[in-house]
Amino acid sequence: MFFSWDLLFEAILFGVLLGGFYAAVSLGLSVTFGLLDIPHVAHPAILLLGAYGAFLLGQYGLDPIVAGLLLIPLFFAFGAGFYRVYYSIFESRGGDNVAVNGLAFFFGVAFIIEVLLVIFFGVDQQSAEAPYIGGSMELGELRIPYRLIVAFLVAISAAVILSNYLGRTFYGRAIKAVGQDEGALRLMGVNPISVKTLAFGIGTSVNALAGAVLLIVAPVEPTMDRIYIGRTFCVVVLAGLGSMSGTVFAGLLLGITESIVLMFFGTSWAPAVAFGLLLVMLGLRPQGLFGR
């Protein structure tokens with residue numbers, strides 16, 4: 001294997017941008033799984049819904065990111081209603097098998113979404129149009145795609161907004177507390193179910209914007225959600241459940257590691273990076289990099 005410092009620098013640079021993208025598509029899961037402890041394996045499928053929603057609005061000339069922002073209220077309402085269904089079927093009944101049954105439920109939801117996308121859009125890939133898609137910034141001999149720069153900036157912006165909301169507002173702190181001690185939250189006069197509904201709505205609404213990011217980074221097709229199940233859960237667990245800043249850092253770590261492996265060892269090894277990092281983290285620090 002030939003080693004080059006220039007290649008290493010290029011791998012790290014592209015890894016940072018790729019990591020920003022991984023952080024963007026993982027932020028919603030960091031709320032729904034990281035803070036609420038809900039086994040939301042349908043997260044990547046809902047992410048694809050955001051991508052296809054941005055694609056549909058793009059047919060009217062809207063920029064994908066603008067389309068993603070416009071879809072946020074719709075996805076929030078969908079997420080809030082979706083949690084109410086999940087709560088009435090599983091959480092309200094209690095029992096020891098809530099997590100296992102919930103896992104099966106969300107796998108079923110992911111499959112239904114995938115089938116619906118195939119029915120309405122077919123199996124062909126769909127892509128977006130925007131001035132920055134296909135363009136690149138030149139840094140010497142390097143050409144950095146604008147689409148990755150946009151994905152990185154969106155991830156940082158969304159993480160900053162979510163982190164400030166969760167840390168500086170009453171309901172934000174309630175969302176962080178509800179997964180730890182519902183009883184204490186009730187004693188403060190706050191309904192945990194309402195807080196969880198709000199949190200799930202927020203986690204789902206983030207997918208509208210993250211789906212738009214997914215669309216500008218690469219063409220989408222209905223079965224792409226399977227690719228991101230491992231990566232998104234890896235980022236959230238690496239970060240420490242529920243840490244927004246940790247999600248960005250973990251996304252960068254995954255992106256850089258994957259980019260280096262891809263550059264020096266080939267594409268066949270890249271898919272194993274996420275699971276390798278996940279196994280190492282679970283063995284050395286189960287609470288994650290930023291967990292307590």
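Which backbone oxygen does the side chain of Thr232 reach? The side chain reaches the backbone oxygen of Ile229, at 3.2 Å. The model is predicted, so local features are taken only at pLDDT of at least 70 and side-chain atom pairs only at pLDDT 80 or more, while totals for chains, interfaces and linings use all residues. Residues are numbered from 1 along each chain as its sequence is written, and side-chain values use heavy atoms, with hydrogens and water left out.

Thr232 belongs to helix 9, residues 225-239; helices here are DSSP runs of H or I with at least four residues, numbered from the N terminus. With a relative accessibility of 1%, Thr232 counts as buried (buried is under 20% relative accessible area, exposed over 50%, and partly exposed in between, with a 1.4 Å probe and protein chains only). Apart from neighbours within four places in sequence, Thr232 is in contact with Val25, Ser26, Leu29, His43 and Pro44, where contact means heavy atoms within 4.5 Å.

His43 and Pro44 also appear where helix 2 meets helix 9: together with Ala45 and Leu48 they face Asp225, Tyr228, Ile229 and Thr232. The two helices pack at an angle of about 125°, and their axes are 8 Å apart. Axes are lines fitted to C-alpha atoms, for helices over the stretch in contact, and angles run from 0 to 180 degrees between N-to-C directions. Helix 2 and helix 9 are therefore oblique to each other; angles under 35 degrees count as roughly parallel, over 145 as roughly antiparallel, 65 to 115 as roughly perpendicular, and the rest as oblique. Helix 2 passes helix 9 in a right-handed crossing, that is, the near helix is turned clockwise from the far one by less than a right angle.

Ahead of helix 2 (43-58) comes the loop that joins it to helix 1 (5-32), and Asp37 lies in this loop. Asp37 has a positive phi of about 60° although it is not a glycine. Its relative accessibility is 57%, so Asp37 counts as exposed.

Helix 3 covers residues 64-89 and includes Val66. Val66 counts as partly exposed, at 37% relative accessibility. Its C-alpha atom is separated by 8.4 Å from that of Ala54, 12 residues apart along the chain.

The axes of helix 3 and helix 4 (residues 98-121) come within 11 Å and cross at roughly 140°. Helix 3 and helix 4 are therefore oblique to each other. On the helix 3 side the contact is made by Phe82, Tyr86 and Ile89, and on the helix 4 side by Val98, Gly102, Phe105, Phe106 and Val109.

Tyr86 and Phe106 return in the largest nonpolar core, where they are among the residues that touch the most other members, along with Phe21, Ile65, Val213, Leu214 and Val220. Such a core is a set of buried Ala, Val, Leu, Ile, Met, Phe, Trp, Tyr and Cys residues joined through side-chain atoms within 4.5 Å. This one holds 93 residues, and helix 8 (residues 192-217) gives the most to it, with 15. Beyond its neighbours within four places in sequence, Phe21 is in contact with Ala151, Val213, Leu214, Val217 and Tyr228.

Helix 8 also contains Thr197, which counts as buried at 10% relative accessibility. Not counting residues up to four places away in sequence, Thr197 touches Ala80, Tyr83 and Arg84.

Note on methods: Polar contact = N/O pair within 3.5 Å; in protein donor to acceptor, adjacent residues only side chain to side chain.
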